[in-house]
Structure formats: structure tokens, C-alpha cells
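Reader: I am new to this structure and would like to learn how to read its features one at a time. Could you show me the structure, and then take my questions as they come?

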Amino acid sequence: MNPREYDVENVDMSWCPGCGNFQILSTLKEVLSGLGLSPQEVVLISGIGQAAKTPHFMKGHIIQGLHGRALPVATGVKAANPGMTVLAIGGDGDMYGEGGNHLLHAIRRNPDLANLVHNNMVYGLTKGQASPTSPVGMKTPVQVEGVFSEPLNPLALAISQGASFVARTFSAATDLSREIIKAAIIHKGYALVDIFQPCVSFNKVNTYKWFKENTFVLQDGQVDLHDRRKAMELAMTGPPYPLGILYQDRPGRVTFEEQLPAYREKKDPLWKRKPPVGLISAFIEGLR
Amino acid sequence: MGNEFSVVLCGAAGQGVQTVENLLVKALARSGFHVFATKESMSRVRGGSNSTEIRISGRHVEAFVERIDLLVPLNGGLRPNIWKRLSPETIVLGDREELKEEFVGHPCTFLDVPFLEMARQAGGALTANSVAAGVLCALFGVEYPDLDQLLVERFSAKPEILEKNRSSAESGFRQGMDLVEKNRLSLSLPEADPHWRPALVDGHKAVSLGALAGGCNFVTAYPMSPGSGVLAFMSQNAARFGIAVEQVEDEIAAVNMALGAWAAGGRAMATTSGGGFALMEEGISLSAVTETPIVVHVGQRPGPATGMATRTEQADLELALYAGHGEFPRVILSPGNAREAFDLSRLAFDWADRYQVPVFILTDEYLLDSVFEVEGLPVDEGSFSHHFVESGPDYLRYRLAEDGVSPRGIFGNGTGLIRIDSHEHDESGHIEEDFDMRERMQMKRMSKLKLLEEAALPPTVHGNPKDANLVLSWGSTGPVLQEALALLGRTDIALAHFSQVYPLHSSVLDLVAGARKIIVAEGNSTGQFARLIRLSTGRKADHLLLNFRGHQFSVEELASGLERILLGGDAQ
């Protein structure tokens with residue numbers, strides 16, 4: 001399939017020229033088409049933020065919901081129709097800040113979806129405030145004396161909480177990103193992909209140059225994919241920060257939607273169902 | 001009250017008062033009596049003192065009464081709310097060993113029944129509740145095999161516990177027969193109808209079963225009393241009915257996951273109480289702008305904040321009316337009994353889907369924890385339909401439709417792409433800041449209010465409201481008021497009970513215009529429904545009967561309150 005099938009005509013892009021989001025967008029289109037998925041088979045779910053606008057700039061079913069809430073929405077979609085390919089897309093503020101609690105519990109719940117987090121370590125949409133991943137000392141219009149709080153380590157967090165798939169890439173490393181996002185979508189279970197991404201307008205610290213100088217790509221043999229302890233060590237590494245898949249469950253782990261009683265006897269999506277009137281009537285009769 | 005009894009059982013949390021209530025209500029109903037049960041409990045897992053009232057009658061009853069004819073205290077330390085309900089006519093079946101001097105000097109009739117000793121002899125002190133069930137069954141003419149059958153049904157999974165409870169109940173039953181035969185206690189029983197075999201349904205089950213009949217196949221919740229009874233029921237029966245149930249990390253997740261499920265064609269409900277509902281508000285607003293249906297069950301309890309976790313109130317009407325930022329249409333249903341809770345919960349799903357709006361089922365702890373008798377609850381597939389469409393290649397999720405309802409496509413059904421957006425959007429669902437489009441979209445959404453007004457349910461009117469004093473109720477207060485009016489027996493009062501409070505049915509204008517005095521009875525401290533009536537009709541209530549103590553009005557309290565008002569005093 002051609003990635004152009006995911007293009008939207010006459011779209012008014014609201015991202016700044018040079019934004020890392022452009023690379024992620026085109027990578028995502030390439031991956032989805034490469035997997036032979038039509039836009040009708042894909043649901044792109046996001047919250048609010050610059051990254052969360054991604055679904056508007058490509059074809060596919062979309063839900064752009066509330067800030068921080070993409071993961072519960074995405075889990076609901078996947079659970080109601082497990083046949084869809086579901087992606088939850090957002091930035092570091094969206095997923096790690098406002099949506100932090102949902103991140104923790106989506107990891108535990110393990111729905112089969114790919115969670116792409118465009119991590120530019122700053123708030124873009126609201127113009128330059130610190131994000132949960134901003135480095136200590138970074139000055140912003142709000143953090144005028146520099147960021148005080150320690151940056152959140154999403155990979156260590158995800159690995160420690162039992163995430164099924166944990167990876168990091170860099171928006172400019174398009175080949176690597178393609179490989180990792182593809183693996184995350186194919187992976188059955190919750191997959192976190194933290195994507196380092198420069199914000200050309202508001203983050204003067206973590207620039208393209210900075211990311212290039214402060215990351216390295218994990219080589220084959222450098223990672224034991226199924227060893228959570230070693231993955232944890234990699235997640236705690238940096239700078240320079242490792243790029244690649246840090247951890248992946250062995251196949252066979254049950255997903256959230258698979259264990260729902262709704263799919264024990266029937267496999268069809270919920271929209272094809274009618275109320276089980278016989279069972280309900282029988283239950284009511286039993287209350288006499 | 002003639003041949004009608006109000007039996008109250010008290011006990012500490014963990015003493016099994018609930019089990020006695022379940023057994024007794026079923027045994028009595030199977031014996032052909034009309035029954036109603038309602039309970040009140042403290043917010044603790046062990047200890048304290050909880051009570052349950054069981055009414056046994058020859059006619060249909062479904063309201064809390066103050067009067068206690070027969071009191072069975074299983075532990076000492078009765079709370080003041082029980083003491084003040086005792087009268088010289090009250091008969092107390094109590095165990096001196098447990099109660100000691102507690103009833104000495106009280107004018108009630110006290111009969112010493114050694115529940116604890118009998119339980120110890122039969123299998124252990126923990127089964128004193130089954131002894132009490134046995135005694136009461138004997139007093140009310142339940143046949144022993146019927147009680148035994150119920151014990152078997154209840155404890156069949158645990159043979160050892162079954163045997164202990166069996167012998168305790170049997171011992172209690174003999175004691176009860178002894179009381180009757182020795183004429184120490186003779187009750188003039190209501191006439192039993194051998195053909196009367198109702199289903200016994202509490203509010204939690206009524207809401208849950210109604211939702212299931214409405215096609216509910218996905219339930220999300222964060223536990224919060226009293227909304228979590230529905231979560232528990234749905235979870236325990238998820239495999240039976242083939243549905244998805246998830247206890248989520250917070251109420252924000254509950255509402256968002258439910259919206260995701262609806263967007264993909266599921267029929268989801270979030271169940272909570274006022275505090276959780278407050279957390280859901282942003283999600284309610286998301287439902288509105290994205291025109292994604294949602295059903296939320298809100299079991300009210302006293303607020304603000306944590307308030308009283310296990311008590312009741314009707315103070316979240318205005319929360320539901322104004323929940324969510326921005327302006328949008330919504331539906332608020334307010335069932336008064338189990339039948340209404342069932343019917344309205346079913347309807348909630350149809351309306352949410354049909355009109356693509358949030359629908360709230362506003363119940364309260366009293367309704368949820370009360371057991372009602374119903375002849376049946378109608379379930380049929382004929383009345384069920386989905387309202388989504390198969391999308392075509394030119395599909396536009398927010399097509400400007402004249403009646404405001406743009407055909408709703410869902411993921412995976414059709415060739416079109418479904419774009420759902422929390423921003424103001426154009427017809428295709430893309431972000432749009434054009435002022436004209438904004439106005440058109442807002443008007444499109446608001447125009448659904450007209451459809452909802454046309455579909456609104458009229459109030460149930462009892463008596464002739466023309467030139468009469470009109471009492472208005474909503475939700476669980478309705479049946480209490482109805483019985484209070486029957487007790488008064490006056491022809492100059494009519495009752496209008498609203499099982500839908502928003503939008504109001506158009507008949508409300510004529511209804512209040514023709515009434516002499518308007519009296520609103522509701523469970524809050526400021527008269528929220530009275531305010532809504534004034535907002536909608538211009539008519540100010542002449543009198544308010546308000547209750548915000550944390551427990552439902554009693555029939556007697558409402559009757560005397562109305563009488564006082566009609567005598568001319570007590571204007572607000």
C-alpha cells in the first residue's frame with residue numbers, strides 16, 4: 001500500500017516549520033501503509049497538544065478528545081471492537097503530565113494498542129512552559145528561575161510497572177522510528193514508544209544537535225529484549241540515552257480485551273450485538 | 001394501619017442483618033404477602049448499628065414508614081434514630097444476654113428471646129441472624145420448608161455453613177411457634193394472596209437490569225458508594241450476560257473509556273456518585289461536543305465532598321443540570337421505584353444513542369438500597385434498535401442535519417472515516433475556527449433539545465390537580481409522598497411525580513398554572529427541583545418540604561408536613 005493513501009488534501013498544518021512532528025507523521029503513514037492497513041482499519045486517538053493534532057493531518061478514524069485522556073478512550077475503543085488497529089498519540093505533557101494516572105493503569109491493563117509519545121520536553125501548544133520531562137534548570141516564561149522538579153523517566157516507569165513493550169526513538173532517526181513504530185503496532189499488548197523530538201520554537205536546550213549528541217542507537221546483541229532488569233538498567237542510562245526497543249514481553253501475554261467476559265463466547269465487536277433478552281428475563285424470573 | 005407490619009431488624013455491620021432481610025423478604029413474598037424493605041447503614045465494615053425495615057402488607061407498599069411494630073435488635077447500642085421510632089405499641093424481640101438493661105423502663109412490650117444461646121447451641125453465635133429469621137418466619141406464618149428451601153438456595157455453595165444456619169433457623173422457627181402457641185405473641189396477619197409471586201428487585205438490580213435490557217454491554221466505574229452496587233452487580237454477572245466491565249483508575253477514566261466504547265459501537269455506562277460525577281464533568285462536555293452518546297448512573301448521597309458515604313440525599317440535581325462546561329442538551333431521569341429504575345435505565349440507552357446526548361440516571365442511596373416487589377420487568381428484543389449508520393465514502397460525522405441529529409457512523413462499520421473531535425469542528429470533524437461554522441454547529445447541537453422536549457416523559461399525576469393543592473416530587477421521594485397522600489385521604493391535594501426532571505414535559509406549564517398551592521417535597525436543603533420548576537414555568541413554589549438529614553422522608557413525616565401546610569401555617 002502507498003503511504004499517500006494516508007494523505008489528507010488541503011490540510012492546514014498548524015505545526016512550525018522544522019517541527020519534529022512532521023517526521024513522525026510521515027513515518028507513521030509509511031508504517032501503517034507498510035503493514036497493509038487501510039485508513040478504515042485504523043483508529044488514531046489523541047488528547048490535546050501539538051502532537052495530539054497528528055490524527056487531523058492524516059487519514060484514518062480519529063478521536064481527538066481531552067487533554068491527557070487518550071489512553072482510556074483508546075482502551076474503550078479497542079475493547080468495544082478488538083479488530084481495529086488502535087493508536088494513542090500525544091505529547092509529553094498530554095501523556096506524562098495530565099494523563100499520568102491513565103498511563104500507569106494502561107500499562108497494568110495491557111490493552112493491545114501502540115502509545116506514541118512525542119517527547120519534546122516542553123509545552124508547545126501553550127507556548128513554552130515546562131513539561132514533566134523538561135530538564136532541571138531549563139528556564140521558561142513560567143519556570144523563570146529554571147525547572148526545579150526532576151524530569152519524569154517514562155521508560156523506567158513503564159518497565160517498572162510491567163509494560164509489555166517499551167521503546168525509544170528520535171524523530172529525525174526515521175529508519176529507526178519506522179522499525180520501532182512498526183514493531184509497537186505489531187506487538188500484541190500495550191506498547192510505549194517515547195519519541196525524542198525537538199521543539200524548534202520553545203525548547204532551546206534540547207535541539208536537533210542536542211538529541212544527536214546525547215543519544216545512541218542500541219545494536220543487535222546489546223539488548224536482551226525479554227529481561228526486564230536489564231531493560232531497567234538501559235532505561236536509567238544517559239546521557240547519552242539509548243534508542244531502540246528496550247523491552248518486549250514474550251508472545252502469549254493476555255491483553256485487556258481478550259480477558260473480557262464479552263468475548264468469551266462471542267468474538268464479534270459489540271456493535272453487532274443485541275441485548276441477551278432471554279438471559280435477562282430468566283434472571284428476573286429467578287428473583288421471584 | 002390495620003393488618004400491616006413494619007418490622008425493623010438492627011445489628012452491627014457483620015452480624016448478617018442483610019442476610020435476614022434477604023431471606024425474610026423472599027419468604028414472606030413467596031407466602032403471598034406484599035413486601036417492601038429499606039435499610040440504613042453506617043459507613044463502617046464492622047460494628048456500629050445498622051437497621052433494615054421490612055414492611056409486610058396485604059396491599060402494595062413501597063415507602064419508608066417511621067412506625068415500628070416489631071423490633072428485633074441483634075445487638076445493644078441502638079442509635080437514637082431507632083429509639084425515637086419506638087412507641088408503647090412496639091413489640092421488641094430481644095436477647096437480655098446481649099441487650100442487658102437497655103429496654104428496662106421503656107413502655108414497649110419486651111419479649112426475651114435468647115438468640116445468642118440458641119445460636120450457640122445450633123452451631124455458633126454468628127448464626128444469631130438465622131435464629132431471628134426463623135422466629136420471624138414462624139410469627140408470620142411462613143411454612144418451614146419454604147424457609148429451608150431459601151437457606152439451601154442461599155448457602156448451597158457452603159455445605160458446612162448451610163447446616164449451621166439451618167439448625168439455627170429451625171431452632172428459631174420452633175421458638176417462634178412456641179411464642180404463637182403459648183399466646184405470648186399473636187399477630188393479626190394481613191391476608192395472603194396465594195397467587196402473588198412478585199420478583200424482588202432492589203434499586204441496584206433495577207438500574208443494572210434495565211441497562212442490560214437497553215443493550216448496555218460495557219460498564220466502567222471507580223468504586224464509590226452508592227454507585228458501586230451497580231458496578232458489583234454488572235461485574236458479578238458479566239460472564240452471564242457476556243459484557244465488558246472494568247474498574248478503572250478514576251472517574252475520569254470511567255467516562256472517557258465509556259465514550260471510547262460508544263464511539264466504536266458499544267453501549268457503555270459509567271456508574272458513580274456525586275463526587276465521582278463531579279470528576280467526570282469534562283468528559284460529559286466531551287460527550288456533548290463530539291455528540292458521542294453516554295449514559296451515567298449517579299447514585300446520590302449527601303455532600304459536599306465526602307459527605308455521608310452510606311446515606312441518601314437528592315442534592316445533585318443542579319450538578320447534573322449544569323455538569324460540564326459549555327452549553328449543550330442533556331437528559332436527566334429520576335426513577336422513584338424499581339420499575340421506573342428499570343424502564344428508565346433501558347430508555348436511557350435508547351435516547352443516548354438516538355439523540356447522541358449524555359443521559360443521566362439520577363438515583364439515590366435510599367432507592368438503590370430498597371427492595372421493591374414488581375409483577376415483572378418487561379424485556380423484549382422488539383423494542384431494541386441501534387441508531388448508528390453504516391458509513392459511506394462521503395460520510396461526514398457532523399453533517400448539518402435539520403433536526404440536529406447527524407447520522408452517527410462507528411468505527412469498523414462502513415467505508416467512511418469517522419472523525420470525532422473535541423474542538424469545534426466542521427462537518428467532517430476537523431478543527432474549524434470559522435465563526436459561522438461555530439454558530440451553525442452550536443445551533444445544530446442545541447436543536448436536539450427540541451427533540452428531547454418532545455420526547456420527554458410526562459409526570460405521573462395522582463388525584464385531580466385542577467384547583468387543588470399540588471405536591472411535586474421527583475425521584476425516590478415520589479412513592480413516599482404518594483403513600484402520605486393516601487394516609488391523609490384528602491381530595492384537595494394532588495401529586496405530580498416526575499421520573500424525568502430534564503427536560504421537563506410540556507404539560508408542566510398547565511399543571512402548575514391550574515394549581516392552587518404548589519408544594520415541593522425533596523431531599524435537599526434548598527429546593528433544587530422547586531427552583532427548576534420556577535425556572536421552567538415562572539411559578540414559584542408556595543411551600544417546600546425539605547429533608548437533608550441523610551435519611552429518606554417517612555410517610556408520617558410527609559403526611560404531617562402537608563397537613564401543617566394546608567392548615568395555613570408554615571409558609572416558607
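Reader: Let me begin with paired strands: which residue stands opposite Ser473(B) in S20(B)?

Author: In this predicted model, Ser473(B) has His497(B) opposite to it in S20(B). That pair belongs to a longer ladder, since strand S19 (residues 469-474) of chain B and strand S20 (residues 493-498) of chain B run parallel and are joined by 6 bridges.

Reader: How many of the residues of S19(B) are buried, and which of them point one way and which the other?

Author: Burial is judged by counting neighbours, and a residue counts as buried if 20 or more other C-beta atoms lie within 10 Å of its own. By that reckoning S19(B) is mostly covered, with 6 of its 6 residues buried. Asn469(B), Val471(B) and Ser473(B) point one way, while Leu470(B), Leu472(B) and Trp474(B) point the other way, and all are buried.

Reader: Which strand of chain A can I read in the same manner?

Author: You may turn to strand S5 (residues 165-170) of chain A, where 6 of the 6 residues are buried. From S5(A), Phe165(A), Ala167(A) and Thr169(A) point one way and Val166(A), Arg168(A) and Phe170(A) the other way, and all are buried. S5(A) pairs with S6(A) in the parallel sense over 6 bridges, and within this pairing Thr169(A) has Ile195(A) of S6(A) as its bridge partner.

Reader: How many residues of strand S16 (residues 408-414) of chain B are buried, and with which strand does S16(B) pair?

Author: S16(B) is mostly covered, with 6 of its 7 residues buried. Its pairing with strand S15 (residues 388-391) of chain B is in the parallel sense and extends over 3 bridges, and there Phe388(B) has Arg408(B) in S16(B) as its bridge partner.

Reader: How should I read a helix, and what does helix H1 of chain A show?

Author: The general idea is that an α-helix has 3.6 residues a turn, so residues three or four places apart point the same way. In this structure, helix H1 (residues 20-34) of chain A has 15 residues and reaches 21 Å from its first C-alpha to its last, close to the 21 Å expected at 1.5 Å a residue. Among the buried residues of H1(A) are Ile24(A), Leu25(A), Leu28(A), Val31(A) and Leu32(A). The elements against which the buried residues of H1(A) pack are strand S1 (42-46), strand S4 (114-119), helix H6 (174-186) and strand S6 (191-196) of chain A. Just after H1(A) comes Gly36(A), which takes a positive phi of about 75°.

Reader: Why does Asp202(B) count as buried, and why does Leu319(B) count as partly exposed?

Author: Asp202(B) counts as buried because it has 24 C-beta neighbours inside 10 Å, whereas Leu319(B) counts as partly exposed because it has 18 C-beta neighbours inside 10 Å. Asp202(B) is found in strand S7 (residues 199-202) of chain B and, leaving out residues up to four places away in sequence, touches Leu368(B), Asp369(B), Ser370(B) and Val371(B). Leu319(B) is found in helix H13 (residues 317-322) of chain B and, with its neighbours within four places in sequence set aside, is in contact with Gly274(B), Phe277(B) and Ala278(B).

Reader: How is chain B divided into domains?

Author: The domain assignment of chain B gives domain 1 (5-197), domain 2 (201-383), domain 3 (388-455) and domain 4 (460-566). Taken over C-alpha atoms, the centres of domain 3 of chain B and domain 4 of chain B are separated by 39 Å.

Reader: How many residues does each chain bring to the contact between them?

Author: Chain A brings 47 residues to the contact and chain B brings 59 residues. On the side of chain A that touches chain B, the largest share, 8 residues, comes from H2(A), and by class that side has 25 nonpolar, 14 polar and 8 charged residues. Strand pairing also crosses between the chains, for S2(A) and strand S17 (residues 419-421) of chain B pair in the parallel sense over 3 bridges, with Asp421(B) in S17(B) as the bridge partner of Gln64(A).

Reader: Where should I be cautious, and what are the scores here?

Author: Where pLDDT is low, the predicted coordinates should not be read in detail. For chain B the mean pLDDT is 95, and 99% of its residues reach 70 or more, while the model scores ipTM 0.98 and pTM 0.97.

Key:
Residues numbered from 1 in each chain as written. Chains lettered and ligands numbered in written order. Predicted model: local features only at pLDDT ≥ 70, side-chain atom pairs only at ≥ 80, totals over all residues. Contact = placed C-beta atoms within 7 Å. Helix = DSSP H or I, 4+ residues; strand = E, 2+ residues; numbered from the N terminus. Nonpolar A, V, L, I, M, F, W, Y, C, P; charged D, E, K, R; others polar. Pairing = 2+ DSSP bridges. pLDDT = per-residue confidence, 0-100. Buried ≥ 20, exposed ≤ 12 C-beta atoms within 10 Å, placed from the backbone. Domains from an automatic or database assignment. Expected span 1.5 Å × (residues − 1).
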